[in-house]
Amino acid sequence: MKKLPETINLTLKVWRQKGPKDKGRFETIPAKAISVHMSFLEMLDTVNEQLTLEGRDTIGFDNDCREGICGMCGAVINGRAHGPEKATTICQLHMRKFSDGDTIVIEPFRARAFKVVKDLAVDRSSFDKIIQAGGYISVNTGGAPDGNAIPIPQEIAEKAMDAAACIGCGACVASCPSASAMLFVSAKVSQLALLPQGRPEAAKRAIGMVRTMDECEFGNCSNHRECENACPKEISIVNIARLNREFVKASFFSAEK
Ligand code: SF4
Ligand code: FES
């Protein structure tokens, strides 16, 4: 069996942009002797160390947990949000997925609602606004209720948990031709709408979150399904159908406006 190399040399074409008003441009940066055991973010760390030694501006990128759970990291790699590996965030993408001599094009998540902060780092506070508009349940204070007081069928609990796997990374928006946030919003609506605890505020939630999504200038769903394909947590577009049902129900049959 052919032994894979331990290190590879790459050419990065990285999007450099000083801020939201800067036009931005691609910069070619060599990435030499990159261990194939590194994650994509560790590769960027290594390149940044080299840029620092050379007295050059480092590449700005978002990250936090580096375990695929916080949703902070994200970039478009060779035209794909989060890169070539399915169901994988870039903090969990390993350099062994690339070959010696490759050129890698790295861009920020592009959408009108995601302004570039610097280079690959984008402002995703519009997602926070959508969550603030309804991504919660209200509970009365008092003693903690018995966990088994409301029986929930396993099938329903699993669907709710699948929707709750959304980490709010924004890859769905970046991969959608209309920059729609429907997959994200549908996951956040579904995880609560499916459970009895989420029903009392379901109408208010659906209307509030959809309205805020529109205010934040996300586009409309165009049924391309690129969002589902790019999602590192494999959130299904079945949730979008549920969001549409929740929204229509709330618009016609509730007092919420
Ligand atoms: S639906 Fe998927 S791609 Fe979109 S924000 Fe959630 S985890 Fe990220
Ligand atoms: S850094 Fe947390 S999901 Fe990638």
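Let's start with ligand 1, which has 13 residues around it in this predicted model. The closest of them are C166, C169, G170, C172 and C231. If you sort the shell around ligand 1 by class, you get eleven nonpolar residues, two polar ones and no charged ones. As for secondary structure, the elements that contribute two or more residues to that shell are α4, covering 171-175, and α5, covering 182-193.

Where does ligand 1 sit? It sits in the largest cavity. That cavity holds about 90 Å³ of space, and its lining is made up of 15 residues. Closest to the centre of the cavity are C166, C169, C172, C231 and I235. Helices α4 and α5 turn up here too, as the elements that give two or more residues to the lining. Of the elements involved, α5 gives the most, with three residues. By class, the lining of the largest cavity comes out as twelve nonpolar, two polar and one charged.

With several cysteines listed around ligand 1, you may want to know about disulfides. How many disulfides does a search of the whole structure find? The count is zero. For anyone who wants the reminder, a disulfide is a covalent bond between the sulfur atoms of two cysteines. The cut-off used in the search is a pair of cysteine sulfur atoms within 2.5 Å.

Next, are C169 and C231 buried or exposed? C169 counts as buried because its relative accessibility is 7%, and the limit for being buried is under 20%. C231 has a relative accessibility of 8%, so C231 counts as buried as well.

While we're looking at α4, take a moment for V173, which has its place in that helix. V173 has a relative accessible area of 0%, so it is buried. You can also use V173 to get your bearings against another part of the chain: D123 is 50 residues away from V173 in sequence, and the C-alpha atoms of the two are separated by 13 Å.

Now on to the other cavity. By the rule used here, the count is two cavities of 30 Å³ or more. The second largest has a volume of about 40 Å³, and the residues lining it are A133, G134, Y136, E201, K204 and R205. Split by class, that lining has two nonpolar residues, one polar and three charged.

Then there's the open space to look at. The largest pocket has a volume of about 290 Å³. Its lining consists of 15 residues, and those nearest its centre are I137, V139, P145, I150 and Q197. By class, the lining of the largest pocket divides into seven nonpolar, six polar and two charged residues.

Finally, zoom out to the whole protein chain. Its secondary structure comprises eight helices and seven strands. The C-alpha trace spans about 60 × 45 × 40 Å along its principal axes. The chain has 257 residues, and 45% of them count as buried. V173 in α4, with its relative accessible area of 0%, is one example of a buried residue, and C169 at 7% is another.

Key: Residues are numbered from 1 along each chain as its sequence is written. Chains are lettered from A and ligands numbered from 1 in the order in which they are written. This is a predicted model: local features need pLDDT of at least 70, side-chain atom pairs count only at pLDDT 80 or more; totals for chains, interfaces and linings use all residues. Side-chain values use heavy atoms; hydrogens and water are left out. A residue is near a molecule or strand if one of its heavy atoms lies within 4 Å of it. On a 1 Å grid over the protein atoms alone, a cavity is a set of points where a 1.4 Å probe fits but cannot get out, and a pocket is an open set with protein on both sides within 12 Å along at least five of seven lines; lining residues have an atom within 4 Å of a point. A molecule sits in a cavity or pocket if more than half of its atoms lie within 2 Å of its grid points. Helices (H or I, at least four residues) and strands (E, at least two) are DSSP runs, numbered from the N terminus. Ala, Val, Leu, Ile, Met, Phe, Trp, Tyr, Cys and Pro count as nonpolar, Asp, Glu, Lys and Arg as charged, and the others, Gly among them, as polar. Grid points are joined across faces, edges and corners, and a volume is the space filled by probe spheres set on the points. Buried means under 20% relative accessible area, exposed over 50%, partly exposed in between (1.4 Å probe, protein chains only).
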